Amino acid sequence: MSGRARSLRELRWGTTDETQDFGRRLGAMLRGGDVLVLTGDLGAGKTTLTQGIADGLGVRGPITSPTFVIARVHPSLVGGPALVHVDAYRLGSALELDDLDLDADLDASVTVVEWGAGLAEQLSDTRLELTISGDDVRTAHLVGIGDRWVDVLDELASVS
């Protein structure tokens, strides 16, 4: 980790509405350059969480899984950062993710990469990694890498 701050939190959601509410709170705290890496089984709630993040950011929707287009850009409706929503499920390597040329949008946008574990870490030295598991009650393990995420995770945990 070479001295970079690492913050850990665990949260639970019982409903899709709770997942989206958390996403809204998180989205309202995000800024251009933020990278989120979402991991979890099929149907765990990655896209549902991203829908809430999009609401919190105030970007144009609808937010659907970009499985077949790989990446979709949602411009801001409120003068904030755009949302770059990536589905890395069909990508075979970090090299294929690099071919998407996401670097061009990284500083100005919030980038959310579903199925990004093992692929998207190269996008930023500071990022929020969320692993979602469970069927009826979702458990989200949040790992913030970099100083940026210490206060964000503390604030999110205090209202969850």
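**Notebook: histidine 74, the sheet and the rings**

I started with histidine 74, which lies in strand 3, residues 71-74. I note here that the model is a predicted one.

I looked up whether histidine 74 is buried or exposed. Its relative accessible area is 4%, so I entered histidine 74 as buried, the cut-off being under 20%. I then listed what histidine 74 touches beyond its neighbours within four places in sequence. The contacts are Val59, Arg60, Gly61, Pro62 and Ile63, together with Ala82, Leu83 and His85.

Which backbone atom lies 2.9 Å from a polar atom of the histidine 74 side chain? I found the backbone oxygen of arginine 60 there. I also took the C-alpha separation between histidine 74 and valine 110, which is 9.9 Å. These two residues are 36 places apart along the chain.

Next I went to the sheet. I read it as open, with seven strands in the order 1-7-6-2-5-4-3 and mixed pairing. Its edges are strand 1 (6-13) and strand 3, each of which pairs on one side only. For the twist I noted an average turn of 15° between neighbouring strands, with direction ignored.

Within the sheet I checked strand 2 (residues 35-40) against strand 6 (residues 127-133). The two run parallel and are joined over five bridges. Opposite glycine 40 I found isoleucine 132, in strand 6.

I then followed helix 1, residues 16-29. Helix 1 lies across strands 1, 2, 6 and 7, the last of these being residues 138-145. I recorded its angle to strand 1 as about 145°.

Last, I turned to the aromatic side chains. How many aromatic pairs are there? I counted one. The rings are those of tryptophan 13 and phenylalanine 22, with centres 5.0 Å apart and planes at 40°, so I entered the pair as tilted. The label needs an angle that is neither under 30 degrees (stacked) nor over 60 (edge-to-face).

I checked the exposure of both partners. Tryptophan 13 has a relative accessible area of 4% and is buried. Phenylalanine 22 is at 0% and is buried as well.

I also looked for charges over rings. Lysine 46 lies over the face of tryptophan 115, 4.1 Å from the ring centre. The charged end of arginine 148 sits over the ring of tryptophan 149, at 5.0 Å from its centre.

Methods
Residues are numbered from 1 along each chain as its sequence is written. This is a predicted model: local features need pLDDT of at least 70, side-chain atom pairs count only at pLDDT 80 or more; totals for chains, interfaces and linings use all residues. Side-chain values use heavy atoms; hydrogens and water are left out. Helices (H or I, at least four residues) and strands (E, at least two) are DSSP runs, numbered from the N terminus. Buried means under 20% relative accessible area, exposed over 50%, partly exposed in between (1.4 Å probe, protein chains only). Contact means heavy atoms within 4.5 Å. A polar contact is a pair of N or O atoms within 3.5 Å; within protein, one must be able to donate a hydrogen and the other to accept it, and residues adjacent in sequence count only if both atoms are side-chain atoms. Rings of Phe, Tyr and Trp (its six-membered ring) pair if their centres lie within 6.5 Å; planes under 30 degrees apart count as stacked, over 60 as edge-to-face and the rest as tilted. A charge sits over a ring if NZ of Lys or CZ of Arg is within 6 Å of the ring centre and within 35 degrees of the ring normal. Two strands pair if DSSP finds at least two bridges between them. Axes are lines fitted to C-alpha atoms, for helices over the stretch in contact, and angles run from 0 to 180 degrees between N-to-C directions.
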